[in-house]
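Reader: Before I rely on any label in a description like this one, I would like to hear what stands behind it. Could we take the terms one at a time and set each value against its cut-off?

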Amino acid sequence: MNTTSSSLRFGWVAGLVTCALFGLAGLGIQAQAQHASGGGTYFVEPGIRSEFQFSQAHVQCKIGHAVFADGTVFQMFMFSTSVDSVTVDSAAKTVVITGSMVSIVNLRFPDGTTANLRETVPYVAYAKDGGKPGAGVDFFSLTVDYTNTSGLDQFDLFGSPATFSGTLHTGNVTVR
């Protein structure tokens, strides 16, 4: 009876391990089937280039240097502090990522004064894989909701919701 009990116990453990391995293999296949990431540049307006990177765990976007018509020098950096949802549509080759991010704007006015604006905002990032190469066919957009306050703020600069978007000038978006 000891031999039968040991055989049953071994068979049960072996079956459990086999099921677990098949389960893990299935998760690996599913994770590979749903992937989205990208990075590159696009123009939010003629002459104002934006750089971006995203994955299913992080989104960031920046404008390293721009000059407004009145001579104000502008820099912006936005980076996610959370990712609340990721929706990958492999058939349409699109991804939508939502969460919260910090938006920082540094301004230097023509009279020499400066303003440093910082706000945590909800965001929606959207990307479309239009083919290879990505430049000229892939698309990225970032929409944020700014809060209107009594002083100078990012709402005054961009309104709300504000969308920064464009077809990629350089880089690539991959959605599968």
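**Values against cut-offs**

Reader: What makes Phe-140 count as buried?

Author: Phe-140 has a relative accessibility of 0%, and the term buried requires under 20% relative accessible area, with exposed meaning over 50% and partly exposed in between (1.4 Å probe, protein chains only), so Phe-140 counts as buried. This is a predicted model, in which local features need pLDDT of at least 70 and side-chain atom pairs count only at pLDDT 80 or more, whereas totals for chains, interfaces and linings use all residues. Residues are numbered from 1 along each chain as its sequence is written, and side-chain values use heavy atoms, leaving out hydrogens and water.

Reader: Why is the aromatic pair of Phe-54 and Phe-140 called stacked?

Author: The whole structure holds 11 aromatic pairs; in the one formed by Phe-54 and Phe-140, the centres lie 6.0 Å apart and the planes make an angle of 20°. Rings of Phe, Tyr and Trp (its six-membered ring) pair if their centres lie within 6.5 Å, and planes under 30 degrees apart count as stacked, over 60 as edge-to-face and the rest as tilted, so both values for Phe-54 and Phe-140 fit the label stacked.

Reader: How do you know that this pair ties together separate parts of the sequence?

Author: Phe-54 belongs to strand β2 (residues 48-54) and Phe-140 to strand β7 (residues 139-144), so the pair joins parts that are 86 residues apart in sequence. The strands are DSSP runs (E, at least two residues), as helices are (H or I, at least four), numbered from the N terminus. Phe-54, at 6% relative accessibility, also counts as buried.

Reader: What makes a group of residues a nonpolar core, and which residues have the most contacts inside the largest one?

Author: The term asks for buried Ala, Val, Leu, Ile, Met, Phe, Trp, Tyr and Cys residues joined through side-chain atoms within 4.5 Å. The largest such core has 33 residues, and those with the most contacts inside it are Phe-54, Val-59, Met-78, Phe-140, Leu-142 and Val-144. Strand β6 (114-128) gives the most to this core, with six residues.

Reader: How do you know that Ser-50 is buried, and what does its side chain meet?

Author: Ser-50, which lies in strand β2, has 1% relative accessibility and therefore counts as buried. A polar atom of the Ser-50 side chain lies 3.2 Å from the backbone oxygen of Lys-62.

Reader: Why is the pairing of Arg-49 and Glu-51 called a salt bridge?

Author: A salt bridge needs a side-chain nitrogen of Lys or Arg within 4 Å of a carboxyl oxygen of Asp or Glu; the closest N and O atoms of Arg-49 and Glu-51 are 3.4 Å apart, so the pair qualifies. Arg-49 at 42% and Glu-51 at 25% both count as partly exposed.

Reader: What parts of the chain does the salt bridge of Asp-129 and Lys-93 link?

Author: The structure holds two salt bridges, and in the one between Asp-129 and Lys-93 the N to O distance is 4.0 Å. This pair links distant parts of the chain, with Asp-129 in the loop between β6 and β7 and Lys-93 in the loop between β4 and β5, 36 residues apart. Asp-129 has 7% relative accessibility and so counts as buried, whereas Lys-93, at 36%, is partly exposed.

Technical notes: Polar contact = N/O pair within 3.5 Å; in protein donor to acceptor, adjacent residues only side chain to side chain.
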